[in-house]
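Me: I would like to learn how to read some features of a protein model, one at a time. Could we begin with the cysteines and then go on to the rings and the core?

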Amino acid sequence: GAHCNRGGMNKHGIGICLVGDFTKRNISPNQMGSLVHLVDLLRQRYNIPLKNVVRHRDVKGKVTECPGKRFAWPTFKNRLSAVAKARHSKTVASRR
């Protein structure tokens with residue numbers, strides 16, 4: 001959406017909005033679980049590499065703190081990676 005109007009993201013990106021101020025509060029466990037699930041589904045559907053999952057503030061030319069210093073970005077990326085690895089292992093095992 002218009003919230004990320006730099007780097008061509010409005011034409012080539014998928015924006016996800018979470019309710020909360022992550023400069024003041026941590027993301028809730030339920031939000032994190034839902035976010036990981038949603039992003040994993042979108043990555044599968046649109047063949048999005050993990051390296052292309054970025055924060056609003058990572059978009060070139062955008063000056064913002066979004067999603068906030070209290071958003072657990074490393075945890076989110078690690079969980080996304082773990083979900084993808086588990087799915088891959090399950091797929092490989094089912095082919096044997």
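Me: Why does Cys66 have no bond to the closest cysteine sulfur?

Reply: A disulfide is a covalent bond between the sulfur atoms of two cysteines. The rule used here asks for a pair of cysteine sulfur atoms within 2.5 Å. The sulfur of Cys66 is 8.0 Å from the closest cysteine sulfur, that of Cys17, and so it is too far for a bond. By this rule the count of disulfides is 0. This is a predicted model, in which local features need pLDDT of at least 70 and side-chain atom pairs count only at pLDDT 80 or more, while totals for chains, interfaces and linings use all residues. Residues are numbered from 1 along each chain as its sequence is written, and side-chain values use heavy atoms, with hydrogens and water left out.

Me: Is Cys17 buried or exposed?

Reply: Buried means under 20% relative accessible area, exposed means over 50%, and partly exposed lies in between, with a 1.4 Å probe and protein chains only. Cys17 is exposed, with a relative accessible area of 70%, whereas Cys66, at 32%, counts as partly exposed.

Me: How many aromatic pairs does a search of the whole structure find?

Reply: A pair of aromatic rings is described by the distance of the centres and the angle of the planes. Rings of Phe, Tyr and Trp (its six-membered ring) pair if their centres lie within 6.5 Å, and planes under 30 degrees apart count as stacked, over 60 as edge-to-face and the rest as tilted. The search of the whole structure finds 4 such pairs. One of them is the tilted pair of Phe71 and Trp73, with 6.2 Å from centre to centre and 45° between the planes. Trp73 also forms a tilted pair with Phe76, at 5.3 Å centre to centre and 45° between the planes. Both Trp73 and Phe76 are buried, and Phe71 is buried as well. Together with Phe22, these three residues form one aromatic cluster.

Me: Which residues make up the largest nonpolar core?

Reply: A nonpolar core is a set of buried Ala, Val, Leu, Ile, Met, Phe, Trp, Tyr and Cys residues joined through side-chain atoms within 4.5 Å. The largest one here has 11 residues in all, namely Phe22, Ile27, Met32, Leu35, Val36, Val39, Val53, Phe71, Trp73, Phe76 and Leu80.

Me: What is Val53 in contact with, leaving aside its neighbours within four places in sequence?

Reply: Contact means heavy atoms within 4.5 Å. With those neighbours left aside, Val53 is in contact with Val39, Arg43, Ile48, Trp73, Phe76, Lys77 and Leu80.
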